[in-house]
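Student: I should like to learn how to read the features of a protein model in an orderly way. May we work through one together?

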Amino acid sequence: MELASYADRAVSLVNTADPYRHRDTLTTCEQAKELLAPEGRCRVTNADVAELRAIRDRLREVFDAAESGRVPRAVQVLNSLMKQYPIRPVVTDHDGASWHLHLAEGAPTIAAVYGAKAAMGLAVQATELGFDRLGVCQAAPCREVFIDTSTNRSRRYCSDRCATRANVAAYRARRKEQARAAAAAGEAEAAGGATGKVMAAAGSAATGR
């Protein structure tokens, strides 16, 4: 079983909220069911929604701490999550499948199942790739999270859409700065020319006397 793949659950959960753009898609049981679809059919209660939202806040803290270089804090929060939501592995051959591992079986709630898998997956990715691979989108105001699996650790945005938006904004800012610089240079040149004319006129007047 590829434990690192469970890190996608952490990313999906954190990205249900974007406080910078006042967006939250984890407020109802139906929305929670959509998030929990990878766990199969399950009954979701308001208590599960509240628990998932609490897990979400702590996972967000892991990403924010890692992004700002506060790795010890990221580790502390991640360890506390794994302690609260431990993995409970079992071997099963349900639905006629071959023998395989299931994680977090026997957890008290479906939210706990999700939390255990998300925390473990994130821990595996962070320790195998490095905590600097836990990214937060740099295309303000977006702050969605992602896991950078690029070969050169160069990813800065959560999606191609945000990358394009950021590049366009940077291009426009450069053009604006160039225009401002050109205007300032033109004003300086004009002022210099006017000063030269005044000095020339003054010189001519002095010669005439």
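The dialogue below moves from the overall fold to single residues.

Student: What should I establish before the details, and how many helices and strands are there in the protein chain?

Tutor: Begin with the origin of the coordinates: this is a predicted model. The protein chain holds six helices and six strands, and along the sequence they follow the pattern α-β-β-α-α-α-β-β-α-β-β-α.

Student: What share of the 209 residues counts as buried?

Tutor: Of the 209 residues of the protein chain, 36% are buried. The chain exposes about 12,400 Å², of which carbon and sulfur atoms supply 54%. As for contacts, take those between residues at least 6 apart in sequence: 52% of them join residues at least 24 apart.

Student: How is a nonpolar core read, and which residues of the largest one touch the most other members?

Tutor: One looks for buried nonpolar residues joined through their side-chain atoms. The largest core here has 41 residues, and those touching the most other members are Leu13, Leu52, Leu59, Phe63, Leu122 and Leu134. Two or more residues each come from helices H1 (7–14), H2 (29–35), H3 (46–67), H4 (71–84) and H5 (110–129), and from strands E5 (134–136) and E6 (145–147). H5 gives the most, with eleven residues. A separate core of nine residues includes Cys142, Phe146, Tyr157 and Cys162.

Student: Which residues does Leu13 contact, leaving aside its neighbours within four places in sequence?

Tutor: On that basis, Leu13 is in contact with Leu26, Leu35, Leu52, Ile55, Arg56, Leu59 and Tyr114. Leu13 is also one of the buried residues of H1.

Student: How should I read the burial of a helix such as H1, and which of its residues are buried?

Tutor: The general idea concerns helical geometry: an α-helix has 3.6 residues a turn, so residues three or four places apart point the same way. In this structure H1 is mostly covered, with six of its eight residues buried. They are Ala7, Arg9, Ala10, Val11, Leu13 and Val14. These buried residues pack against E1, H2, H3, H5 and E6.

Student: Where does Asn15 lie, and is it buried or exposed?

Tutor: Asn15 lies in the loop between H1 and strand E1 (17–18). It counts as buried because its relative accessibility is 14%, and the cut-off for burial is 20%. A polar atom of the Asn15 side chain is 2.8 Å from the backbone nitrogen of Val145. Not counting residues up to four places away in sequence, Asn15 touches Arg23, Glu144 and Val145.

Student: Which residues does Arg60 contact, with its neighbours within four places in sequence left aside?

Tutor: Arg60 has its place in helix H3 and is buried, with a relative accessible area of 13%. Its contacts of that kind are Val14, Ala17, Val136, Arg143, Glu144 and Val145. The Arg60 side chain reaches the backbone oxygen of Arg143 at 2.8 Å. Arg60 and Val14 are 46 residues apart along the chain, yet their C-alpha atoms are separated by 5.8 Å.

Student: How many disulfides does the structure hold, and why is Cys162 not bonded to Cys158?

Tutor: A disulfide requires two cysteine sulfur atoms within 2.5 Å. The structure holds zero disulfides. For Cys158, the nearest cysteine sulfur is that of Cys142, 3.8 Å away. The sulfur of Cys162 has its closest cysteine sulfur in Cys158, and the pair is not bonded because 3.8 Å is too far. Both cysteines are buried: Cys158 has a relative accessible area of 16%, and Cys162 has one of 6%.

Student: Which backbone features deserve a separate look, and where does Pro141 lie?

Tutor: The general expectation is that most residues other than glycine have a negative phi, and most peptide bonds are trans. In this model a cis peptide bond joins Ala140 and Pro141, with omega about 5°. Pro141 lies in the loop between E5 and E6.

Student: What is the phi of Arg153, and where does this residue lie?

Tutor: Arg153 is not a glycine, yet its phi is positive, at about 55°. Arg153 is placed in the loop between E6 and helix H6 (160–208). With a relative accessible area of 44%, Arg153 is partly exposed.

Conventions
Residues are numbered from 1 along each chain as its sequence is written. This is a predicted model: local features need pLDDT of at least 70, side-chain atom pairs count only at pLDDT 80 or more; totals for chains, interfaces and linings use all residues. Side-chain values use heavy atoms; hydrogens and water are left out. A nonpolar core is a set of buried Ala, Val, Leu, Ile, Met, Phe, Trp, Tyr and Cys residues joined through side-chain atoms within 4.5 Å. Buried means under 20% relative accessible area, exposed over 50%, partly exposed in between (1.4 Å probe, protein chains only). Helices (H or I, at least four residues) and strands (E, at least two) are DSSP runs, numbered from the N terminus. Contact means heavy atoms within 4.5 Å. Accessible areas come from the Shrake-Rupley method with a 1.4 Å probe; for residues, only the protein chains shown count as cover. A polar contact is a pair of N or O atoms within 3.5 Å; within protein, one must be able to donate a hydrogen and the other to accept it, and residues adjacent in sequence count only if both atoms are side-chain atoms.
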